[in-house]
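I opened this entry to keep a record of what I looked up in the structure, one place at a time. The notes follow the order in which I went through them.

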Amino acid sequence: MRRPRFGTIIALAVTSILSGCNALVGSFNNPVDPANITTSNPYASYTLSVASDGNGTVAINGGGSVSSTSTTVSWGTAVNLVATPSSGYVFSNWTVVSGSATIANASSALTTVTLNGGDASVRANFSTGSNPAISLSSGTLGFAATQGGSNPYSQTVIIQNSGSGTLNWSVNSNASWLSVAPASGSLPSGTWSTITVSTDITGLSATTYTGTLTVSGAGALNTPQSIRVALSVYGTTGGTLAWTDSFESYAVGSFPSAWTPDANASDLSTNYVTNSIASNGSNSLRLYGVVGGSWASITYRALNVTPTYRIAFDVYNGTETLSGAHPQRAEVGIRQGTSWVNPARQLIYFDQYGNVKDTTGATITTYSTAQWYHVEITYSRPDSATVSVTYKINGTTYPAVSTSAQSSESSMTNLELCAEEGSAWFDNVQVYQQ
Ligand SMILES: [Ca+2]
């Protein structure tokens with residue numbers, strides 16, 4: 001197997017543990033989300049300058065409030081911004097002064113900025129005023145859950161008083177399944193606090209619900225503000241089987257023709273249909289990522305479903321000692337197209353320490369090598385900004401995990417199976433339209 005030269009790695013490597021199976025990983029301090037890559041140089045870093053118009057202070061990524069600051073950021077990385085008005089002023093908006101940058105919510109003192117491919121400067125603008133003002137870190141939240149199962153994990157939103165004086169705020173929900181705590185509070189100018197948003201699926205049938213949290217503040221310039229909340233409830237079973245592959249129809253020793261191999265999966269000496277181990281029938285698919293290397297085995301097959309869908313499979317992890325650049329075993333995700341340089345979402349992976357990890361990199365549960373696991377993953381899009389993923393492993397359902405959608409999320413129409421390092425076997429792969 002020819003290994004790309006390091007220069008090739010620099011040009012092509014797309015590394016983010018949270019973003020999909022990586023065939024190659026170089027030694028980079030600032031992994032870049034492949035979803036945001038639009039040129040051949042994913043590792044470019046640029047200078048972001050953030051300033052105030054002089055009537056307030058700014059902070060980047062939780063740093064101290066200053067009149068102006070700058071930082072080096074990787075292309076595509078969202079940087080948190082906070083603007084705090086001086087006494088007698090209120091926050092007005094963020095503007096891009098030079099360069100090209102995307103500000104998620106320019107009218108909120110709490111927001112994020114993403115550089116579009118070059119240095120850029122942004123500025124917080126304030127205006128005179130003595131009223132409090134409401135800024136929210138998010139205007140939309142998505143949740144998902146299995147009907148009759150556990151409630152989704154709670155999520156948090158930050159409320160800031162981006163005006164003068166004191167903001168006495170309260171939050172009201174218009175839906176019985178949607179609650180928030182605390183429901184009211186008091187914030188001096190420039191300060192903020194966190195509210196926790198929870199959903200309760202008790203008695204809800206399988207569909208998508210929307211609700212609104214209204215944040216009000218007496219005398220606030222921009223009262224009320226709202227947070228739109230979407231909740232998807234779906235069944236764990238049922239749905240329509242889109243396709244299934246038990247690897248029984250292929251010749252032992254071949255690569256399964258319905259699947260597109262990528263990276264080390266193209267090496268037939270280590271990646272093939274085998275009859276030495278199976279969870280059903282006699283055959284399974286063996287994938288092998290180079291041990292001690294950075295050359296994963298990945299294969300793709302079109303999902304042919306739209307969210308909400310469910311992916312079920314059986315997986316058996318090998319026992320090799322891992323020491324390479326991405327020392328994880330089996331991984332399953334979704335990807336745009338059939339190349340590992342394309343945007344992807346890693347839905348689940350099995351790390352070298354015996355932990356099963358979710359799409360955010362958090363631990364779901366533990367596992368053992370040399371043992372079959374039956375995994376079901378339900379992928380849902382409560383709204384355009386949000387992804388929710390539910391895991392069921394060997395019959396145990398875990399609460400849904402919600403995270404932000406990538407910019408290329410909707411184009412990830414292929415299922416990927418991967419052995420990042422070492423061997424992994426897959427069998428009984430099924431995709432259901434929910
Ligand atoms: Ca089989």
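I began at Asn-304, which I found in the loop between β22 and β23. This is a predicted model, and I read each of the values below as a computed one. The phi angle of Asn-304 is near 60°, which is a positive value in a residue other than glycine. I then asked whether Asn-304 counts as buried, exposed or partly exposed. Asn-304 counts as partly exposed because it has 13 C-beta neighbours inside 10 Å, and a residue would need 20 or more to be called buried, or 12 or fewer to be called exposed.

In the loop between β22 (297–302) and β23 I also looked up Thr-308. The peptide bond that leads from Pro-307 to Thr-308 is cis, and its omega is near 10°.

From there I went on to strand β23 itself, which spans residues 309–317 and is mostly covered, with seven of its nine residues buried. Which strands does β23 run antiparallel to? One partner is strand β28 (residues 372–383), joined to β23 by eight bridges in the antiparallel sense; in this pairing Asp-314 stands opposite His-374 of β28. Another partner is strand β32 (residues 422–433), again antiparallel and again joined to β23 by eight bridges, and here I noted Arg-310 opposite Tyr-432 of β32. As a reminder to myself, strands of a sheet pair through backbone hydrogen bonds, either parallel or antiparallel.

Since β28 had come up, I checked the loop between β27 (363–366) and β28, where Ala-370 has its place. Phi of Ala-370 is near 55°, a positive value in a residue that is not glycine. Ala-370 counts as exposed, because 9 C-beta neighbours lie inside 10 Å and the limit for that class is 12 or fewer.

My next entry concerns a cis bond elsewhere in the chain. The peptide bond that joins Ala-181 and Pro-182 is cis, with omega at about -10°, and Pro-182 sits in the loop between β13 (178–181) and β14.

Strand β14 led me to its sheet, an open one of five strands in the order β10-β17-β16-β12-β14, where the pairing is mixed. The edge strands are β10 (140–146) and β14 (184–188), each of which pairs on one side only. From one strand to the next the twist averages 20°. Within this sheet I followed strand β16 (residues 208–217) and strand β17 (residues 225–234), which pair in the antiparallel sense over eight bridges. Which residue of β17 is the bridge partner of Thr-208? I found Ser-232 there.

I then turned to an open sheet of four strands, which has the order β2-β4-β7-β6 and antiparallel pairing. Its edge strands are β2 (56–60) and β6 (101–103), and each of these pairs on one side only. Neighbouring strands of this sheet are turned against each other by 30° on average, with direction ignored. Between β2 and strand β4 (residues 78–85) I noted five bridges in the antiparallel sense, with Ala-59 opposite Val-82 of β4.

Close to the end of this round I looked up Ala-104, which lies in the loop between β6 and β7 (110–115). Ala-104 counts as partly exposed because it has 18 C-beta neighbours inside 10 Å, a number below the 20 that a buried residue needs. Leaving aside residues up to four places away in sequence, Ala-104 touches Thr-111 and Thr-112. The C-alpha atoms of Ala-104 and Trp-94, which are ten residues apart along the chain, are separated by 9.9 Å.

Finally I made a note on the chain as a whole. The chain has one helix and 32 strands, and 46% of its 434 residues count as buried. Of the contacts with a separation of 6 or more, 67% are between residues 24 or more positions apart. How much confidence does the predictor place in the chain on average? The average pLDDT is 86, and 88% of the residues score at least 70. Over residues 1–19, however, the pLDDT is below 50, and this stretch has 38 contacts in the model beyond near neighbours in sequence. Over residues 25–43 the pLDDT also stays under 50, with 46 contacts in the model beyond four places in sequence. Where pLDDT is low, the predicted coordinates should not be read in detail.

Key: Residues numbered from 1 in each chain as written. Predicted model: local features only at pLDDT ≥ 70, side-chain atom pairs only at ≥ 80, totals over all residues. Pairing = 2+ DSSP bridges. Helix = DSSP H or I, 4+ residues; strand = E, 2+ residues; numbered from the N terminus. Axes fitted to C-alpha atoms, helices over the stretch in contact; angles between N-to-C directions. Contact = placed C-beta atoms within 7 Å. pLDDT = per-residue confidence, 0-100.
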